[in-house]
Every structure is written in structure tokens, then in C-alpha cells.
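I sat down with this one to work out what each chain looks like and how the pieces meet. Here are my notes, in the order I looked things up.

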Amino acid sequence: MKAAREFYRKVVPASWLNPRAGFTAAVLAMLALVPLYAAATGDPFALTLFTRVLILALAAVSLNLIMGYGGMVSFGHAAYLGIGGYAVGILWKEGFASGFLQWPAAIAISALFALVVGLLSLRTRGVYFIMITLAFAQMVYYVAQGLDRYGGDDGLTIGQRSSFAGIVDIGNNTLFYYLCFALLLGSVYLVSRLVNSRFGMVIQGCRSNERRMRAIGFATFRYRLVCFVIAGALCGLAGALLAEHTNFISPAIMYWTRSGDLMVMVILGGLGSLFGPVIGAVTYLLLEEALSRVTEYSGLVIGPALLLVAIYLRGGIEGLFAGGRHDR
Amino acid sequence: MLYLIEQCLNGVQLGMLLFLLAAGLTLIFGIMDLVNLAHGSLYMLGAYFAATFADLTGSFVLGALLALIATAAAGMALEVIAIRPLYGRSHLDHVLGTFGLILFFNELVRLIWGPAGMTLSLPSEMLRAVQIIPGVYYPIYRLVIILVTLAVAALLYIVVMRTRLGMLIRAGASNREMVGALGINIKLLYTLVFGLGAALAGFAGLMQAPILTVQIGMGENILILAFVVIVIGGIGSIRGAFVASLIVGLIDTLGRAFLPDLLRAVLSTDAALTLAPALSSMSIYMLMAAVLVIRPEGLFPAASR
Amino acid sequence: MNAMKRPWISATAALALAAGLGAGPAHAQQKTIKIGFISTFSGPAAAIGNDMRNSFELGLDHVGRKLGGLPVEVIYEDDQIKPDVGVQKTEKLIQSDHVDFIVGYIWSNVLVASLKPLVDSKTVTVVTNAGASELAGPMCSPYVFSTSWQNDQTPAAIGTYMNQKGVKSVFLMGPNYIAGKDMLHGVQTTFKGQVVGQELTRWPDQLDFSAELSKAREAKPDAIFAFYPGGAGIQFINQYTQSGLKGQIPLYTAFTIDDLSLPRLKDLAVGVPGAQNWVNDLPNATNKKFVADYHAKYHSSPSFYGADTYDAVALLDSAVTAVHGDLTNKEGMRKAMEKADIQSVRGKFTFGNNHIPIQNFYLQDAVKNPDGTYALHTVSLIVANDQDKFHGQCPMK
């Protein structure tokens with residue numbers, strides 16, 4: 001027995017024993033196996049449900065980039081979900097079904113919107129920033145409501161998924177799932193490269209003390225703006241995916257409570273940790289789905305649970321495995 | 001002209017209602033540095049309590065008084081149980097925790113009172129409009145709201161600026177360690193302030209109940225408006241909240257009153273019909289964005305924060 | 001990321017997790033009929049959802065909880081009034097629960113969003129409230145039926161009634177969303193007088209109608225028409241009364257006063273006319289039994305939401321009976337349902353080519369009973385056998 005433990009310790013480096021990494025790996029492996037599970041049990045709904053989870057996780061990852069690392073608490077992040085989705089929907093409605101056009105458009109328009117919002121709002125701090133981002137999101141919400149040609153408040157049904165010139169057929173649900181999964185992992189990788197670069201150091205420096213960073217000589221505003229735009233673009237991509245997934249887009253996805261949901265996912269999972277938002281999204285959405293099957297009063301459980309997380313679990317679920325308070 | 005006066009009154013009345021909600025929110029925010037999303041839940045509780053007590057006692061005024069006491073008590077209990085551990089934490093923790101409280105209260109109210117909502121009926125003499133100046137009719141109850149809120153605003157001003165409690169509140173807002181060092185029971189002070197904020201929220205809820213609605217989730221939409229008000233006014237400033245409430249109320253109402261006709265002058269009727277509500281809905285958010293771009297800390301920034 | 005290099009342990013954990021979540025596969029057993037029911041069971045609109053569920057349950061009780069002799073299992077799902085949640089629940093019912101039928105849908109936007117999975121999977125569906133014009137027109141589908149109406153029909157009936165009353169000018173009000181626009185448009189398809197003004201108000205968070213009511217007073221019309229469903233209706237009627245307009249300009253409504261809001265509106269609703277395809281006191285045997293048993297079981301009055309849902313049971317029963325329990329015979333079920341050979345609570349109706357009922361619309365009015373309660377009652381028939389205007393756009397013949 002002792003020999004076995006010795007052997008184990010020699011073979012497996014210490015970092016692998018880290019329970020936090022193990023937990024993350026387990027969640028990722030579970031996500032990777034969902035299509036197999038769905039195929040094996042003949043329950044394609046698992047695939048539908050988890051595709052949604054992956055897409056919202058991608059949105060949460062993008063929010064975490066600005067909120068967790070940059071300290072920019074955006075209360076209007078759902079706006080980009082809508083903008084990305086409407087880019088796909090409107091282009092489809094106007095007869096442009098190519099994904100090579102739709103997806104870049106979704107990303108570009110979201111980035112552009114983020115640029116405008118960022119330019120106008122990054123001067124404000126704290127709650128003022130929270131509220132001004134909310135204000136812009138509400139404006140987009142009402143604009144979408146007024147788009148009569150594209151369904152207004154009823155939303156727009158998108159007849160088919162984007163075509164990629166025969167290279168990939170995202171109409172295949174399993175393929176689409178793995179595409180979303182790859183994009184999620186890719187965006188986590190992008191975020192990890194970003195935050196560990198010089199750029200990321202400046203961004204994180206701004207979170208704790210922007211004045212100091214400026215004194216050192218960094219053009220902090222520009223750094224933060226770029227970060228804000230990247231997050232917007234990523235979330236726009238998530239919006240495009242969501243529209244593809246449900247074949248539908250409506251203003252409801254941009255209502256302010258949806259921005260709140262995204263914030264909850266990030267904080268629940270672990271603010272400013274790479275995989276925290278993924279874990280938060282998985283937990284929050286599955287909890288919601290599971291509770292809705294048991295009781296109609298799910299709020300009586302989720303509500304106090306969120307309060308307890310806020311009070312006792314400072315680093316979110318990820319922080320639980322980090323063995324103490326997570327950096328933030 | 002008379003029509004303009006009538007619409008301005010409508011705007012002032014909406015502003016007054018917003019002020020009642022915003023005053024409590026900005027007090028709690030300014031003094032405890034707490035982002036309380038559950039303020040809308042207290043507003044909802046106030047309305048439900050009032051409807052229940054008015055049914056039981058058969059009197060609108062008695063029901064309202066009992067509801068005020070009940071909401072303040074509920075607020076203080078909430079503070080002790082759930083809010084206290086959140087002081088001194090990041091705003092994000094506040095958002096997460098109080099967002100959870102919203103979910104909880106919505107379900108709790110549904111469990112206790114059912115999903116259908118309630119009615120707080122006015123005495124029949126309030127169900128009329130009076131002629132305030134020749135040619136301008138105005139609902140009596142809305143006049144009552146304006147007058148009562150002005151009285152509350154004055155009272156609040158006196159409490160904060162002229163009493164010992166108000167002195168402590170102001171001192172606590174600018175330097176809480178110092179107040180604690182002077183031997184003041186900060187915990188009790190915070191509980192009392194939270195109770196006062198809850199009572200104001202409950203008062204807003206019960207005053208609006210006869211014209212708007214008593215139902216689950218009623219606090220959420222107006223909560224955002226209240227946040228807009230306190231952000232425009234400058235967080236922690238009651239004066240700012242008052243001015244901003246009036247501005248928001250007037251802009252919202254006048255936008256709804258005149259935008260459709262203005263747009264109709266330039267656009268087709270159908271286009272104007274759809275565009276006008278979208279534009280007027282956006283107007284207050286555009287106002288807030290504009291104010292923050294020019295003055296990043298609102299119109300009346302608190303002096304030392 | 002390097003933790004991913006140890007796949008065997010993670011894989012086991014993931015499998016365990018996944019198995020726990022799915023709680024095993026669901027097999028459709030042809031011995032039991034599975035019905036998915038989508039409505040709103042949370043938030044204030046849960047009052048509507050509950051009424052629909054109660055009526056559906058009562059309907060099942062009345063057929064011995066069997067359709068065509070086969071026992072029934074119902075799975076209720078909450079759409080939270082969010083279109084994307086509605087789609088997700090619809091897909092769950094189709095893919096995971098393998099339901100045979102889907103019933104419900106209050107909201108046009110939830111229905112429109114869910115239509116694609118419903119149509120693609122050829123699930124036999126009975127829509128019991130949402131009246132989206134898409135469903136009546138271009139997006140009609142062989143296996144989707146409605147027991148309610150198309151949104152234009154009810155306000156069109158009120159327009160006809162206003163003509164009968166000699167109303168010369170009207171001011172229109174409704175919320176700024178598709179159904180609201182449908183309603184305002186519907187009135188104008190039949191109303192012959194002049195529309196002196198129309199206002200679409202903010203949705204869903206309009207707090208206050210004072211600005212619009214002042215405008216209506218200023219326009220000096222003969223009448224005001226309003227469409228405000230659910231809680232907004234209570235809000236509107238309250239403010240209309242307080243503004244003193246009640247004595248000056250009469251109000252005509254669609255879907256603004258119903259059996260759910262009446263106990264809260266009480267006196268305020270008395271004397272305000274509205275149009276509906278069904279009223280509590282319609283004098284047919286099915287309806288008498290439905291209303292009486294509903295009172296006995298739930299101690300309240302059913303609303304039109306419930307009434308149209310109650311009819312869905314009979315419709316499904318006729319379908320299963322016609323194919324002798326062979327639920328794979330969708331063509332047979334479709335043909336049986338198209339006959340509408342059922343005892344409806346609204347009396348006899350037929351289906352148009354688009355599977356929307358061709359039915360009567362009645363004028364209803366609120367009255368105070370001697371015992372102090374309030375009730376809606378039928379005043380008169382406004383229009384008989386009315387068909388929606390969109391059936392020509394439906395490709396089905």
C-alpha cells in the first residue's frame with residue numbers, strides 16, 4: 001500500500017493532485033462526453049441543454065475577462081448576446097445565409113458597440129460604471145423591440161443554421177456541440193494568454209490601482225478599452241451561437257435580468273479564475289433545470305443559496321477547491 | 001397650454017413616486033455602501049402588507065400605517081439575518097446576495113399570497129378627478145401622492161439635517177470608524193437606517209398600489225428606474241435623488257406625451273407609432289448616460305467618498 | 001490545463017455525473033399517452049398558467065383520465081414567459097420525454113419561437129391561447145391546431161360592436177408588442193368611424209398611463225378602446241377610473257377584464273364591455289358542467305384561458321379514439337381533429353384550413369351578483385362563425 005502511494009506520488013506531479021484542477025478537468029471531461037451520453041441513451045435533449053450551457057459559459061468567460069480581471073463590472077453584458085444573435089438573424093432574413101458573413105458580422109458589430117460604450121463609460125467608476133453599462137444595454141433592448149421588420153418583441157425565427165460552404169455542417173447537432181465546445185476552450189485559452197501577458201498585467205494592475213498604473217506611465221484608458229472591446233466581441237460570438245442553437249432571437253435575451261444571470265454565473269463559479277465562469281454556468285443552469293423538475297418554487301432554494309455563496313464562498317465554487325480565498 | 005400643465009403634473013407625480021423609492025435606496029447606499037437589489041422586494045412587501053391589512057381592518061389609512069410598521073420590521077429583521085455579513089464586502093458580493101434575495105422574496109410572496117396579485121382599493125371619494133384650475137382635471141389620489149411625498153421629503157430633510165440621529169447618519173456616511181470610536185453603536189445605527197430605508201420603500205409600494213399594481217415582481221422594473229435616479233442624482237445624496245426624480249419623471253412623461261406627435265410630423269403614422277415608445281423608453285437611459293459622461297459621479301456628488 | 005492529461009479518473013467522474021443528471025433514459029411507452037403541457041407557472045402570470053392547468057386536469061377527470069381508452073400522463077413545464085426557455089422546454093418534451101402531444105402556450109412570442117421544433121418533429125400540438133398571426137398564416141402546419149383564435153378577431157368583434165352602438169370616433173391604446181399592434185389593427189379592420197389617436201405604451205414595464213390618458217381626454221373621442229391583458233389590465237382600469245374618464249368617455253376592451261382580474265377589479269369593471277369567444281354563462285350542457293365542476297373543485301371561476309384549454313382534452317380524445325390508440329397514425333389523428341367533432345364549452349365550432357377555429361364572438365359585461373360576488377355574463381352575440389383574415393396566407397387547403 002505504501003509502495004503504491006510512493007509510486008503514485010512519483011508518477012503524478014503535485015500540480016495534478018490539486019483538487020481544483022482535478023475538479024475542472026472532471027467538469028470538462030463531462031462536457032466532452034455529453035454527446036456520447038446523448039447518443040447512448042437516445043436522449044438528445046441532454047445535447048440541447050448542454051449546448052446552451054456551453055454557449056452561456058462562453059458569454060460568462062467573456063464577462064469574466066473584464067469583470068474578474070479588469071474590475072470593470074458590466075451590468076449590460078447580455079446586450080452583446082442580443083447584438084450577435086440579431087446580426088445572424090437579420091442577415092439570414094435579408095438572404096445572407098453564409099456563416100462566413102454572419103459570424104464575423106456578429107463579432108464585428110459587437111466589438112464596435114463595445115467600443116462606443118467603452119469610450120463613453122470607462123471614465124466612470126464603481127456603481128456608476130455598472131449603471132451606465134446597464135443603460136446602454138437597455139437602449140439596445142428597446143431598439144430591438146422596435147424592429148418591426150424583424151419581429152419586434154415577438155422575436156425572429158431563423159429558418160436554418162448558417163451554411164459554411166460545405167466545409168462544416170453545423171446543422172448536425174453533435175458537430176455543433178463540439179464546435180461550441182472548441183470555441184469555449186479556445187476563448188478560455190485566449191483569456192489565459194491575455195491575462196498572463198504584459199497587457200493582462202496592466203489590466204489587472206488597473207483593477208487594484210489604476211492611478212498607480214497611470215503614474216508608471218501606462219495609457220490605462222486605452223488598455224481597458226481594448227479589453228472591453230475583446231470581451232464584447234467574444235460575447236457577440238456567443239450571441240451568434242445562441243441564435244444558431246435556438247434558431248431564434250428576441251429582445252428578451254437582452255433584458256437586464258439576463259445580464260444579472262451572467263454576472264451570477266461568473267461570481268458563482270469564481271471571479272477572476274480561468275475556468276470559474278464555465279463551472280458557474282454549468283452549476284447555475286443545471287441547478288435551475290434540475291430544480292424546475294422538482295418544484296415550482298425553485299427560487300426558495302436558489303435565492304438563499306446565492307446569498308450563502310456571497311457571504312461564505314468568496315472565491316465562488318472554484319475558490320472552494322483552491323483551499324481558501326482566491327485572488328481577486 | 002392647459003394640456004402641458006396637466007402633463008407636467010403627471011410627470012411630477014411619477015417623479016414623487018420614484019423619489020420615495022430612491023430615497024431609501026440612496027440612504028442605504030450612501031451610509032452602508034451597500035448595493036441593495038432587494039430594495040424592490042421591500043417595496044413589494046409594503047404593497048402586499050397594505051393590501052392585506054386594509055382588507056382586515058377595512059380602512060385604507062389604518063392598513064397603510066400597519067404596513068409601514070410591518071415593512072420596517074421586516075427590513076430590520078432582514079438586515080440582521082442576511083445583510084449584516086455583506087457590509088464591507090465588494091459590490092459584486094452585494095449584487096449576488098441581494099439578487100438571491102429577490103428570487104427568494106418573489107417565491108415567498110407567491111407561496112403566501114398566491115400568484116394572482118392583490119388589490120388595494122381606494123375609498124370611493126378618491127376615485128374622482130377634481131378641477132384644479134379651470135379646464136384641468138386631475139385625479140385626487142395623484143394629488144395626494146404629490147403632497148404626501150413632499151411632506152415626507154421635508155421630514156426626511158429635517159431628520160437628516162436637524163436631529164441627532166441625522167447627525168450620526170451623516171457622520172457615519174463620511175467616516176464610519178470615527179463614529180464607532182466615539183462610542184456609537186454602529187450596528188444598531190445601521191439596522192435603524194436599514195429599517196428607515198425599508199419603511200420608505202414600503203411606503204412607495206403602498207402609495208403606488210392603488211394606481212399601479214400589487215403583484216409579484218412589481219419591484220424589479222421600478223428598481224432599475226430608482227437606480228437610474230440615484231445615479232443621476234449622485235449616490236448618497238437625498239437632495240440629488242429629489243432633483244433627479246423630478247427630472248426623470250418629467251422627461252419620461254413628457255417624452256411619452258409629445259414624442260409621438262413630434263415624430264408624426266416627420267415620419268409616417270405607422271413608423272412614428274412604433275418608434276415613439278421605443279425612443280421615449282430610451283430617453284431616460286440616454287439622459288443617464290449623458291449625465292455620467294459629463295459628470296461621472298452624478299449631479300450632486302457626495303463630498304467625501 | 002495539464003490536469004486534463006489524466007483522463008481516466010476524470011472520465012469516470014464525468015460519467016457518474018452525467019448518469020446522475022439524466023436519471024436514465026425515458027422510453028415512450030405506448031400503453032400510456034404522454035402529454036407535454038407548456039404554460040407559465042412562475043411570476044404573476046402563474047395565475048393564468050394555473051387556470052389552464054386546472055381546466056386541463058378537470059377535462060381529464062371528465063374523460064376518466066383516459067384518451068381513447070388509454071391512460072394519460074401529463075408533464076407540465078414552465079416557460080417563464082421567456083421565448084428561449086419555452087423553446088428549451090419544448091425540445092425537452094419532444095426529445096427527452098418523447099411526448100405524444102403538446103398542449104398550451106399563452107404567449108405569441110414563446111409559441112412562435114417553439115414552432116420550429118414542433119413542426120420539424122411533427123408533434124401533434126394544440127395551442128390553447130396564443131393567437132399569433134404567423135400561426136394562422138404562413139407558418140400554419142398540418143399537426144398544429146388552435147382552440148383559441150387569431151389575435152385580430154376579438155378586437156374586430158369589438159369594432160363591429162362599436163359600429164352598432166353608433167360610436168363615431170375612438171382612441172386606441174395597447175402595449176407596444178406584436179399582440180398589442182395586432183389588437184389595435186384588428187379594431188380598425190371593422191370599425192367604420194374615425195380613429196382620432198392611438199398610443200402604444202411601453203412593454204413590459206410601463207408604470208403609469210397618466211400621460212396617455214390625458215392625451216385621450218384631450219382628443220375628445222366618443223370612446224376609448226384598450227387592450228391590456230393580465231395585471232396590466234387591472235392597472236389600466238384603475239387609472240382610467242381615477243382619472244374621472246369613466247363618466248366622460250366610455251371604454252371598450254379586449255382581453256382586459258377576465259375572470260382572473262374581476263375579483264380584484266370588482267366595481268371598477270362593472271359596465272365595461274368586452275368581446276370574447278367564450279363566456280362563463282354560455283347556455284350549453286358542456287359549459288354548464290365545466291363551470292359548475294370547476295367551481296366545486298377549485299372554488300373560483302374559470303377564465304377563457306381555462307375554457308379553451310378544457311376543449312383541448314376533448315379534441316385530443318377525438319383524435320386518439322379515431323385511430324384506436326395507434327398514436328403513430330398522425331394522418332388519421334389530423335383528419336379526426338379537423339372535423340372538430342367535439343362538445344365544446346363554446347358550443348359548436350369548426351376549423352378553418354389553417355386549424356384556427358371559425359367561431360362566434362360574444363359581447364360580455366361584468367355584473368354584481370346579489371351575494372356580493374362579481375361575474376362576467378353574455379350580453380349578446382356580436383358576430384357568428386367568424387374566420388380570421390390570415391387563412392388565405394396558409395398554404396394548407
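**Entry 1: Chain C, the overall picture**

I counted the elements of chain C and got 13 helices and 14 strands. I should say right away that this is a predicted model. How does chain C fit a compact globule? I find a radius of gyration of 23 Å for chain C, and a compact globule of 397 residues would have one near 21 Å, so the two agree. I then boxed the C-alpha atoms along the principal axes, and they fill roughly 75 × 55 × 45 Å.

**Entry 2: The six-stranded sheet in chain C**

I went through the strands next. Six strands of chain C make an open sheet with mixed pairing, and I wrote the order down as β2-β3-β1-β4-β5-β6. Which strands sit at the edges? They are β2 (66-67) and β6 (144-146) of chain C, and each of these pairs on one side only.

I picked one pair inside that sheet to look at. Strand β1 (residues 33-39) of chain C runs parallel to strand β4 (residues 101-104) of chain C, with four bridges between them. As an example, I traced Ile38(C) to its bridge partner in β4(C), which is Gly104(C). A reminder to myself: strands of a sheet pair through backbone hydrogen bonds, either parallel or antiparallel.

**Entry 3: A helix across the sheet**

What does α12(C) lie across? I noted β1, β2, β3 (70-78), β4, β5 (124-127) and β6 of chain C. Against β5(C), the helix α12(C) runs at about 160 degrees.

I also checked what α12(C) does with another helix. Helix α2 (residues 46-62) of chain C and helix α12 (residues 304-322) of chain C have axes that come within 8 Å and cross at roughly 35 degrees. I noted the crossing of α2(C) and α12(C) as right-handed.

Which residues meet there? From α2(C) I listed several, including Ile48(C), Met52(C), Phe56(C) and Leu60(C). On the α12(C) side, the residues they meet include Tyr305(C), Ala307(C), Tyr310(C) and Val313(C). Sorted by class, the contact of α2(C) with α12(C) has 10 nonpolar, five polar and one charged residues.

**Entry 4: A hairpin further along chain C**

I moved on to two more strands. Strand β13 (residues 357-368) of chain C pairs with strand β14 (residues 374-386) of chain C in the antiparallel sense, over nine bridges. Across from Phe361(C) I found Val383(C) in β14(C). β13(C) and β14(C) form a hairpin, with five residues between them. In the turn, Gly372(C) has a positive phi of about 90 degrees.

**Entry 5: Chain B and where it touches chain C**

Chain B has 11 helices and two strands. Reading along the sequence of chain B, I wrote the pattern as α-α-α-α-β-β-α-α-α-α-α-α-α. With 305 residues, a compact globule would have a radius of gyration near 19 Å, and chain B agrees with its 20 Å. Its C-alpha trace spans about 65 × 50 × 35 Å along the principal axes of chain B.

How many residues does each chain bring to the contact between chain B and chain C? I got 35 residues from chain B and 31 from chain C. On the chain B side, α1 (2-32), β2 (136-139), α9 (218-233), α10 (238-266) and α11 (269-294) each supply at least two residues. The largest share, six residues, comes from α1(B). By class, the side of chain B that touches chain C divides into 19 nonpolar, 12 polar and four charged residues.

**Entry 6: Chain A**

For chain A I noted 14 helices and two strands. The radius of gyration of chain A is 20 Å, and the globule value for 328 residues is near 20 Å, so they agree. The C-alpha trace of chain A spans about 70 × 60 × 45 Å along its principal axes.

**Entry 7: How far to trust it**

The model scores ipTM 0.89 and pTM 0.88. Chain A has a mean pLDDT of 89, with 93% of its residues at 70 or more. Which elements of chain A have the lowest and highest mean pLDDT? Helix α2 (residues 14-17) of chain A is the lowest at 54, and helix α5 (residues 78-93) of chain A is the highest at 97. I also marked residues 324-328 of chain A, where pLDDT stays under 50.

For chain C the mean pLDDT is 89, and 92% of its residues reach 70 or more. Over residues 1-29 of chain C, pLDDT stays under 50. Where pLDDT is low, the predicted coordinates should not be read in detail.

Conventions: Residues numbered from 1 in each chain as written. Chains lettered and ligands numbered in written order. Predicted model: local features only at pLDDT ≥ 70, side-chain atom pairs only at ≥ 80, totals over all residues. Axes fitted to C-alpha atoms, helices over the stretch in contact; angles between N-to-C directions. Left-handed = near helix turned anticlockwise from the far one by under 90°. Contact = placed C-beta atoms within 7 Å. Nonpolar A, V, L, I, M, F, W, Y, C, P; charged D, E, K, R; others polar. pLDDT = per-residue confidence, 0-100. Pairing = 2+ DSSP bridges. Rg over C-alpha atoms; globule rule 2.2 N^0.38 Å.
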